[in-house]
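Work through the exercises below with the sequence and the model open. Each task is followed by a solution in steps.

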Amino acid sequence: MDKAAKRTLHSYDNPEEEQLARTIADTLYRYDSIASDRIPTLQQLTEEHVKQFWERGYLVVDQVLNPQEVQASLEAIMDVLYGRSVGTKIQFVKPRAELHTEQEIELAARKLHDYIDHEPRLRDAAYHPDIMKAMEALFGEAPKVAQDQAILKPPSGGAEKPWHQDMAYGNLAYDKSVIGVWVALDPAELDNGCMHVIPYSHREGAVPHYAVRDWQLCDVSVQVEHDVAVPLKPGGALFFSGLLHHGTPPNFSEKRRRSLQIHYAPESAVKLKPHEYKRMFTNEMTGAEC
């Protein structure tokens, strides 16, 4: 990948902006506490693991997708980005009209979403039989897909995703907990923005979010001292409660960090009404207290 293209698209606008990003990475995340309690595959999932998931808020699985499934997912993502697969929505950090080469397109892409009805290879991942079986064990009832995304953190400046709860985003606000599955397609490591979680934080329930760098938890309320980083090899996955506090620091490395993120809800779950969502995830002082 051309380094000049990286610098053009993903270098920071000024030294102060880059320094702020590095300060956030250094102060709001820790890198010396690594998730070590893992299961090899979903075939090893037991009732005890289900219990641990709901107690701790997450489960790490070393391999959910095999190498062929990882490669098929990566090819699908690149086909979507380059227009060879159509219908999936793409979120860019630059106006699409300013992106002329494949390198520019890839480096400016932040997220793909709503691909299930358009890209069979990514639909296969979302409805992977092992994941669906695990979801039924975790929920105690049949699951349904609530949201499908591919999250891309490009090299040399892929932005932070601040600490948050997924159910604080209105489309995932159900009356029962949703579960996210974050699948690494590239090595997700400490230097390129792997997932970070706060164990047991889902037990606090819904927490007000604030519009700061994103829709996020207030920085001063993040329990950084309890942060656990979750590096993953391609095909590995993090299963996590929709109320778990989690985030990802910026990618300052020269490496890609592409991933799938699918959210599931119990079949019986229904969307929260707007006033219930507002009561749970917002604050009348939002924007003034953070």
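**Exercise 1.** Which residue of strand 13 does Val197 stand opposite?

Solution. The model is predicted, with local features requiring pLDDT of at least 70 and side-chain atom pairs pLDDT 80 or more, while totals for chains, interfaces and linings use all residues. Residues are numbered from 1 along each chain as its sequence is written, and side-chain values use heavy atoms, without hydrogens and water.

Step 1. Find the strands; helices (H or I, at least four residues) and strands (E, at least two) are DSSP runs numbered from the N terminus. Strand 8 covers residues 195-197 and strand 13 covers residues 246-248.

Step 2. Check the pairing, for which DSSP must find at least two bridges between two strands. Strands 8 and 13 are joined antiparallel by two bridges.

Step 3. Read off the partner: His246 stands opposite Val197.

**Exercise 2.** Place this pair in its sheet and find the edge strands.

Solution. Step 1. The sheet is open and has four strands, ordered 6-13-8-11, with antiparallel pairing.

Step 2. Strand 6 (161-164) and strand 11 (228-230) each have a single partner strand, so they stand at the edges and one side of each lacks a neighbour in the sheet.

Step 3. From one strand to the next, the twist averages 25°.

**Exercise 3.** Describe the surroundings of strand 7 (residues 179-184).

Solution. Step 1. Take burial, with buried meaning under 20% relative accessible area, exposed over 50% and partly exposed in between (1.4 Å probe, protein chains only). Six of the six residues of strand 7 are buried, so the rest of the structure largely encloses this strand.

Step 2. Separate the faces. In a regular strand, side chains alternate between the two faces of the sheet. Ile179, Val181 and Val183 lie on one side of strand 7, Gly180, Trp182 and Ala184 on the other, and all are buried.

Step 3. List the partners. Strand 7 runs antiparallel to strand 12 (residues 237-241), with five bridges, and pairs antiparallel with strand 14 (residues 258-266) over six bridges.

Step 4. Follow Ile179 to both partners: Ser241 is its bridge partner in strand 12, and Tyr264 in strand 14.

**Exercise 4.** How many bridges join strand 7 to strand 12, and in what sense do these strands run?

Solution. Step 1. Recall the two options: strands of a sheet pair through backbone hydrogen bonds, either parallel or antiparallel.

Step 2. For strands 7 and 12 the count is five bridges, and the sense is antiparallel.

How values were computed
Axes are lines fitted to C-alpha atoms, for helices over the stretch in contact, and angles run from 0 to 180 degrees between N-to-C directions.
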